[in-house]
Amino acid sequence: MESNLNKALKESLKYFSHKERLATFKTWIFSKKYPCNVEKMAEAGFIFIGSKNEPDSVKCFFCNTNLDRWEPNDNPWKEHLRHAPKCSFAKLQQPMDQITLREYYILHSQLCHSVIDAYIEEQRLASGKLFKKLEAKFRK
Ligand SMILES: [Zn+2]
């Protein structure tokens, strides 16, 4: 059986692919002629998490920052960095095919670390005593 941690890692890492991010945008509020279009949104790290009532709700696959209330002339990269100045992906400010393989692996490992941290926190909250037993087996 696959662990929940593996599943969480796989789910998060798949969004390193521009194509996978783009595929989450089944609909978008602005057409291609505007700077705030689906291509640019996906390029800047966003995946669509909206609904009928929230037609422009997105989140960054890397830092999980949620954003909405987009304007047609917004620059997705700039808005990303403005609202999430610590996001390593937002700091790229350029498409992923413009970075080095080393930069890619560093981003990759950062994302793995944050998924692991979130998983540990989730386990701590969900399984209280059981988790304390597990935690006690390791150095603090
Ligand atoms: Zn981000």
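# Reading a predicted chain

Colleague: Asn64 has 12 other C-beta atoms within 10 Å. Is Asn64 buried or exposed in this predicted model?

Modeller: The model is predicted. A residue with 12 or fewer other C-beta atoms within 10 Å counts as exposed. Asn64 has 12 such atoms around its own, so Asn64 is exposed.

Colleague: Where along the chain does Asn64 lie?

Modeller: The backbone of Asn64 has a positive phi of about 65 degrees, although Asn64 is not a glycine. Most residues other than glycine have a negative phi. As for its place, Asn64 belongs to the loop between strand 2 (58–60) and strand 3 (66–67).

Colleague: Gln93 is another residue with a positive phi that is not a glycine. Is Gln93 exposed or partly exposed?

Modeller: Gln93, with phi near 55 degrees, lies in the loop between helix 5 (88–92) and helix 6. A residue is exposed at 12 or fewer neighbours and buried at 20 or more, with partly exposed in between. Gln93 has 13 other C-beta atoms within 10 Å, so this residue is partly exposed.

Colleague: Which pattern does the chain follow along the sequence?

Modeller: The chain contains six helices and three strands. Writing α for a helix and β for a strand, the pattern read along the sequence is α-α-α-β-β-β-α-α-α.

Colleague: Which strands stand at the edges of the sheet?

Modeller: The three strands form an open sheet in the order 1-2-3, with antiparallel pairing. Each edge strand has a single partner, so one side of it is left without a neighbour in the sheet. The strands at the edges are strand 1 (46–48) and strand 3.

Colleague: Which residue of strand 3 is the bridge partner of Lys59?

Modeller: Strands of a sheet pair through backbone hydrogen bonds, either parallel or antiparallel. Strand 2 and strand 3 run antiparallel and are joined by two bridges. In strand 3, the bridge partner of Lys59 is Asn66.

Colleague: Why do the buried residues of helix 4 line one face of the helix, and within what arc do they fall?

Modeller: In helix 4 (residues 76–83), the residues Pro76, Trp77 and His80 are buried. Seen down the helix axis, these buried residues line one face because they fall within an arc of 100 degrees.

Colleague: Which elements do the buried residues of helix 4 pack against?

Modeller: Helix 4 also holds Lys78, which counts as partly exposed because there are 13 C-beta neighbours inside 10 Å. The C-alpha atoms of Lys78 and Ala90 are 8.1 Å apart, while twelve residues separate the two in sequence. The buried residues of helix 4, in turn, pack against helix 3 (38–43), strand 1, strand 2 and helix 5.

Colleague: Which elements give two or more residues to the largest nonpolar core?

Modeller: The largest nonpolar core has 21 residues, and those with the most contacts inside it include Met41, Phe46 and Phe89. The elements that give two or more residues to this core are helix 3, strand 1, strand 2 and helix 5.

Colleague: Which residues is Phe46 in contact with, leaving aside its neighbours within four places in sequence?

Modeller: Phe46 is among the residues with the most contacts inside the largest nonpolar core, as are Met41, Val58 and Cys60. With neighbours within four places in sequence left aside, the contacts of Phe46 are Arg21, Met41, Val58, Lys59, Cys60 and Pro76.

Colleague: Is Trp28 buried or exposed?

Modeller: Trp28 lies in the loop between helix 2 (18–23) and helix 3. A residue counts as buried at 20 or more neighbours. Trp28 has 20 C-beta neighbours inside 10 Å, so Trp28 is buried.

Colleague: What percentage of the residues of the chain count as buried?

Modeller: The C-alpha atoms of the chain fill a box of roughly 55 × 40 × 30 Å, taken along the principal axes. Of the 140 residues of the chain, the share that counts as buried is 18%.

Colleague: On which residue is the kink in helix 6 centred?

Modeller: Helix 6 (residues 101–136) has 36 residues, and a straight helix would reach 52 Å at 1.5 Å a residue. The end C-alpha atoms of helix 6 are only 38 Å apart, which is short of that value. Helix 6 has a kink of about 125 degrees, and the residue at its centre is Gly128.

Terms used: Residues are numbered from 1 along each chain as its sequence is written. This is a predicted model: local features need pLDDT of at least 70, side-chain atom pairs count only at pLDDT 80 or more; totals for chains, interfaces and linings use all residues. Helices (H or I, at least four residues) and strands (E, at least two) are DSSP runs, numbered from the N terminus. The expected span of a helix is 1.5 Å times one less than its number of residues. The bend at a residue is the angle between axes fitted to the seven residues ending there and the seven starting there. Two strands pair if DSSP finds at least two bridges between them. The arc is that of the directions from the helix axis to the C-beta atoms. Two residues are in contact if their C-beta atoms, placed from the backbone, lie within 7 Å. A nonpolar core is a set of buried Ala, Val, Leu, Ile, Met, Phe, Trp, Tyr and Cys residues joined through C-beta atoms within 7 Å.
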